[in-house]
Amino acid sequence: MKTLDKYRNFLLQTGAYRADALETMFIARELVSVETAVYEKKYPEFKGRLLVPKKALPEGATFASYTEQEEYGSARIISSGADDLPRAEVSRAETMVQIYTVANSYGYTTMELKKAAFARQSLDAAKAMAARRIMEQKIDLLLQTGDAAYSMKGLLNQTGTNTYVVPNGVSGSPLWINKTSDEILTDLNGIAKAAHIATKSADMSTKMLLPLDSYEHISTKPRSSTSDTTVLEFFLGTSRFIKSVDPWYACDAAGALGAKRAVAYRPEVDAVFYKMPREFQMLPAEARGLRFVIDCIGEYGGVHARKPKTITYADGI
């Protein structure tokens, strides 16, 4: 007979049963399988983690920092015996990043536990799954545009970036749905090369994200009336900079006044990254009144652009 069964029988026979004794043992055992199921679950609909690289940080850190270095100075031709040589200098700016706790919880009533324990049924993992999914949804939203209340930015609203002003086409509209293939390609190439120009060829954007319908439009619109190549295929085949273009629903209203926003960037940790030292974690169950509550936490530190000039935004496409 299993240990839990022996303990149950002992409590019943001696009358020593307490409202939380059996439930405590039962939920401790059951949460092992629930945790395993929850941690194995993937959420492909939340793309933020796939689009922004994660930079490692030890679990438990409350602050983190990164340093930006800039070299400046000059050199010149000098005369014999000159002692006023121009100097080369290095400036360093340190940015502090605060790590915040993101949390939610779920629980079971003592009646739910009692019924499951005596029926020898496993706990329903749906509540744990919901807690994990809601946590992932929050992280995805933070990766998109951050949280202004905590001075936190996302990938789609960094500062110090480049802006490509989308011009009107021959139709008088900047919207791609009203533009010719050549006009859309002009926009795509303008967005793509902005970082290269802004950094004086020192860096570039290599990936582009588009609103869903904008992506669908260029992925099906022919390059010309006599071509079997789409605008997107032609652009990817000819761009010196952009290696991939992906749709992201977060771009649908990320621009000023809720306009569509395209973004080009370089998804590498030396350019842009997010910090999350603690992934989703379920804490031990606690008895609170007539419920057992499981608190769930994660730690998140925002999206940071070390090289903001590798990012270009274009609104109103």
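This report looks at some strands and one surface patch in a predicted model.

**Strand β12 and its partners**

Let us start with strand β12, which covers residues 291-300. Eight of its ten residues are buried, so β12 is largely enclosed by the rest of the structure. The table lists strands that pair with β12, together with a residue pair where one is given.

| Strand | Residues | Pairing with β12 | Residue pair |
|---|---|---|---|
| β4 | 100-109 | antiparallel, ten bridges | Tyr106 opposite Ile294 |
| β10 | 278-282 | antiparallel, three bridges | Gln281 opposite Ile297 |
| β11 | 286-288 | antiparallel, three bridges | Ala287 with Phe292 |

Strands β11 and β12 also form a hairpin, with two residues between the strands. In this hairpin, Gly289 takes a positive phi near 65°.

**An open sheet of three strands**

Next comes an open sheet in which the strands follow the order β1-β9-β13, with mixed pairing. Strands β1 (54-55) and β13 (303-305) stand at the edges and have a single partner strand each, so one side of each is left without a neighbour in the sheet. Strand β9 (residues 272-275) runs parallel to β1, and two bridges join them. If you want to find this pairing in the structure, look for Lys55, whose bridge partner in β9 is Lys275.

**A nonpolar patch on the surface**

Finally, turn to the surface. Leu141, Leu212 and Tyr249 make a nonpolar patch there of about 250 Å². Tyr249 sits in the loop between β7 (244-247) and β8 (261-265). Is Tyr249 buried, partly exposed or exposed? Its relative accessibility is 37%, so Tyr249 counts as partly exposed.

How values were computed. Residues numbered from 1 in each chain as written. Predicted model: local features only at pLDDT ≥ 70, side-chain atom pairs only at ≥ 80, totals over all residues. Heavy atoms only, no water. Patch = residues over 30% accessible without salt bridge, like charges linked within 9 Å, V, L, I, M, F, W, Y side chains within 5 Å. Areas by Shrake-Rupley, 256 points an atom, 1.4 Å probe, with all protein chains shown as cover. Salt bridge = Lys/Arg side-chain N within 4 Å of Asp/Glu carboxyl O. Helix = DSSP H or I, 4+ residues; strand = E, 2+ residues; numbered from the N terminus. Buried < 20%, exposed > 50% of the residue type's maximum accessible area, 1.4 Å probe, protein only. Pairing = 2+ DSSP bridges.
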